[in-house]
Amino acid sequence: MKKIFYLFVTTAFLFTACKKEQGCMDTMATNYNADAEEDDGSCLFSVAGGTWTTQSMQANGTMSVSMMGMPILDSTINYTETNPDSLEPYQLKFDENETYTEYDQDGEEIEGGTWSSTNDALTVNTPDTTLTFTINSINKTDASLSIVWNENESEDGFSYSINLTQTLNLTREY
């Protein structure tokens, strides 16, 4: 009986001692594990690093305009844009030091600012305003970001209301 017990313990030890350390083996990931010998698919990525190019933009929502209380426009918005000349931002580069630069289709710098990320929120501080995106998904080469625009304004007898969700689908090049 003792021999069976020792055989069982020895076998269990051999199988656990030979087990390769698992973890993220992608050096671009935020949770890269230099000791990992087997990639377990757990890699997590940040917006920092590389250049993000917008591939498409979807807009969904509603817009209404009235003049002195009379409706002029009451519309549902639902469209997808894929023409590079119509996509803004076209390219974004988020640096590790939490600064960003926006570029146009010719590679010319448009503006820059700062950014921060907490959980699934990406906050971009432009020279004019602060934008808060929801990170829908992000991996080494692709990201999907959404922003919600809610505006209500009245001026000179005109009133308008916009409720729009805009989703950017981006690809990254290192």
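**Close-up views of a predicted protein model**

**View 1. Lys140 forms a salt bridge with Asp26, their closest N and O atoms lying 3.2 Å apart.** Lys140 sits in the loop between β9 (130-138) and β10 (142-155), while Asp26 belongs to the loop between β1 (22-23) and β2 (38-39), so this pair ties together parts that are 114 residues apart in sequence. The two partners can also be told apart by their surroundings. Lys140 is partly exposed, with a relative accessible area of 31%, whereas Asp26 counts as buried at 15% relative accessibility. As you look around, keep in mind that the model is a predicted one. The salt bridge count comes to one.

**View 2. Stepping back, the protein chain shows one helix and eleven strands.** Following the sequence, you meet the helix and then the strands, in the pattern α-β-β-β-β-β-β-β-β-β-β-β. Of the 174 residues in the protein chain, 27% are buried. Contacts that link distant stretches are part of the picture too: among contacts between residues at least 6 apart in sequence, 41% join residues at least 24 apart. The chain exposes about 11600 Å², and carbon and sulfur atoms supply 51% of that area.

**View 3. Arg172 is buried yet has no salt bridge.** You will find Arg172 in strand β11, which covers residues 158-173. Which side chain of opposite charge is nearest to Arg172? That is Glu96, and it is 7.2 Å away. A salt bridge needs a nitrogen of Lys or Arg within 4 Å of a carboxyl oxygen. Arg172 does have polar atoms close at hand: the backbone oxygen of Asn139 lies 3.0 Å from a polar atom of the Arg172 side chain. The side chains of Arg172 and Tyr174 are joined by a polar contact of 3.1 Å. Leaving aside neighbours within four places in sequence, Arg172 is in contact with the run Phe45, Ser46, Val47, Ala48, Gly49, Gly50, Thr51 and Trp52, and also with Ile138, Asn139, Lys140 and Thr141. Lys140 may be familiar by now, as the salt-bridge partner of Asp26.

**View 4. Leu87 is a buried residue in a loop.** Look for Leu87 between β4 (70-81) and β5 (91-94). Is Leu87 buried or exposed? Leu87 counts as buried because its relative accessibility is 5%, and the cut-off for buried is under 20%. Not counting residues up to four places away in sequence, Leu87 touches Thr54, Gln55, Ser56, Met57, Glu81, Thr82 and Gln105. For one of these, Met57, the C-alpha atom is separated from that of Leu87 by 7.0 Å, although the two residues are 30 apart along the chain.

**View 5. A cis peptide bond joins Glu88 and Pro89.** Pro89 is found in the loop between β4 and β5, which is also where Leu87 has its place. At this bond, omega is about 5°. Most peptide bonds are trans.

**View 6. Met68 and Asn119 each have a positive phi, although neither is a glycine.** Most residues other than glycine have a negative phi. For Met68, phi is about 50°, and the residue lies in the loop between β3 (51-67) and β4. For Asn119, phi is about 55°, and its place is in the loop between β7 (109-118) and β8 (121-125). Are these residues buried or exposed? Met68 is exposed, with a relative accessible area of 69%, and Asn119 is exposed as well, at 74%.

**View 7. Met67, Met68, Ile72, Leu73 and Phe158 make a nonpolar surface patch of about 500 Å².** Met68, seen in the previous view with its positive phi, returns here as one of the patch members. Ile72 lies in strand β4 and is exposed, with a relative accessible area of 52%.

**View 8. Ser66 touches two members of the patch, Ile72 and Phe158.** Ser66 is found in strand β3. At 19% relative accessibility, Ser66 counts as buried, whereas Ile72 is exposed. Not counting residues up to four places away in sequence, Ser66 also touches Pro71, Gly157 and Ser159.

Definitions and conventions
Residues numbered from 1 in each chain as written. Predicted model: local features only at pLDDT ≥ 70, side-chain atom pairs only at ≥ 80, totals over all residues. Heavy atoms only, no water. Helix = DSSP H or I, 4+ residues; strand = E, 2+ residues; numbered from the N terminus. Buried < 20%, exposed > 50% of the residue type's maximum accessible area, 1.4 Å probe, protein only. Contact = heavy atoms within 4.5 Å. Areas by Shrake-Rupley, 256 points an atom, 1.4 Å probe, with all protein chains shown as cover. Lys, Arg positive; Asp, Glu negative; His and termini not counted. Polar contact = N/O pair within 3.5 Å; in protein donor to acceptor, adjacent residues only side chain to side chain. Patch = residues over 30% accessible without salt bridge, like charges linked within 9 Å, V, L, I, M, F, W, Y side chains within 5 Å.
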